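Here are some comments for a colleague who will be reading this model at the bench. They are set out as numbered points, each of which can be checked against the coordinates.

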Amino acid sequence: MARVVVLRGGHSMERDVSFLTGRRVQHALERLGHDVHPLDIEDSTTGALIEISPDAAFVCLHGPGGEDGTVQALLETLGIPYTGSGPLSSIRCMDKDYAKRALRAAGIQTPPFRTFLRRAMNEMGASAALDVAAEDLGYPLVVKPAREGSSFGLSRVEGPEGLFDAVYEALGYDAKILLERWVEGTEISIPIIEPAGEEPKALGLVEIRPREGAYNFEAKYTPGATDFAIPA
């Protein structure tokens, strides 16, 4: 039996989703006979981690603070083993701009995109380049925050008349946004695990089939809104 802290909650827009994940993980670990300590993220979190002195932390946090390397770096500072990727991988993957640049540098195809920062728009007039970027990418396109999850702030834009509203929507969630070419196709999720001392391995491919529209927040978390085919 191991003493496991389940980190959940946090301060991101995905707080409620994190609690749902945390409850499911907690119940599964308890069924396996582990000593489970659910822990919300707040000012006293570090002190609580030191006091509990867990054998491991199961990270159930979603969004900024939980997936961007913040909690991972803290756990490494405290010497607590944890689930998921390390700080550097988390930083790169949480920021879609960084992730797409890394993919492109590795020769892996990713839809064409343009990055805009609120600071550049406010101080350098970068918003004047929005129309040019959109025309280069072509319509329809996607506008989304660079560092949010659960499809918060994501819009599909059919033409120039909807571009600026989508940009303002995305900037309400993050100071960095992406314009990205829309790609029609089948959406596949590929879970990958890397057990300690072993090579990474892919689990079963999952095809994601929203019943209506895009795979947005409602489609992800409303029971029955999306069908999943395993194997894809």
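**Notes on the predicted model**

1. Strand 5 (residues 141-145) and strand 6 (residues 155-157) run antiparallel and are joined by three bridges. Within this pairing, Val143 has Ser155 of strand 6 as its bridge partner. Please keep in mind throughout that the model is a predicted one.

2. Strand 5 is also joined to strand 7 (residues 176-181), again in an antiparallel arrangement, and here the bridges number five. Val143 takes part in this pairing too, standing opposite Leu179 of strand 7.

3. How many residues of strand 5 are buried? The count is five of five, so that the strand is mostly covered, taking buried to mean under 20% relative accessible area. In a regular strand, side chains alternate between the two faces of the sheet. In strand 5, Leu141, Val143 and Pro145 point one way, while Val142 and Lys144 point the other way, and all of them, Lys144 included, are buried.

4. Turning to the helical part, Ser18 lies in helix 1, which covers residues 15-31. Ser18 counts as buried because its relative accessibility is 0%. A polar atom of the Ser18 side chain lies 2.7 Å from the backbone oxygen of Cys60. When neighbours within four places in sequence are left aside, the residues in contact with Ser18 are Arg8, Gly9, Cys60, Leu61 and His62, and Cys60 therefore appears both in this list and in the polar pair just described.

5. Cys60 itself counts as buried, because its relative accessibility is 2%, whereas Cys93, at 58%, counts as exposed. Why does Cys60 form no bond with the closest cysteine sulfur? That sulfur belongs to Cys93 and is 18 Å away, which is too far for a bond, given that a disulfide requires two cysteine sulfur atoms within 2.5 Å. Seen from the other side, the closest cysteine sulfur to that of Cys93 is the one in Cys60, and the same 18 Å rules out a bond. By this rule, the count of disulfides is zero.

6. On the overall layout, the protein is divided into domain 1 (3-93), domain 2 (109-181) and domain 3 (187-229). The centres of domain 2 and domain 3, taken over C-alpha atoms, are separated by 25 Å.

How values were computed:
Residues are numbered from 1 along each chain as its sequence is written. This is a predicted model: local features need pLDDT of at least 70, side-chain atom pairs count only at pLDDT 80 or more; totals for chains, interfaces and linings use all residues. Side-chain values use heavy atoms; hydrogens and water are left out. Helices (H or I, at least four residues) and strands (E, at least two) are DSSP runs, numbered from the N terminus. Buried means under 20% relative accessible area, exposed over 50%, partly exposed in between (1.4 Å probe, protein chains only). A polar contact is a pair of N or O atoms within 3.5 Å; within protein, one must be able to donate a hydrogen and the other to accept it, and residues adjacent in sequence count only if both atoms are side-chain atoms. Contact means heavy atoms within 4.5 Å. Domain bounds come from an automatic or database domain assignment. Two strands pair if DSSP finds at least two bridges between them.
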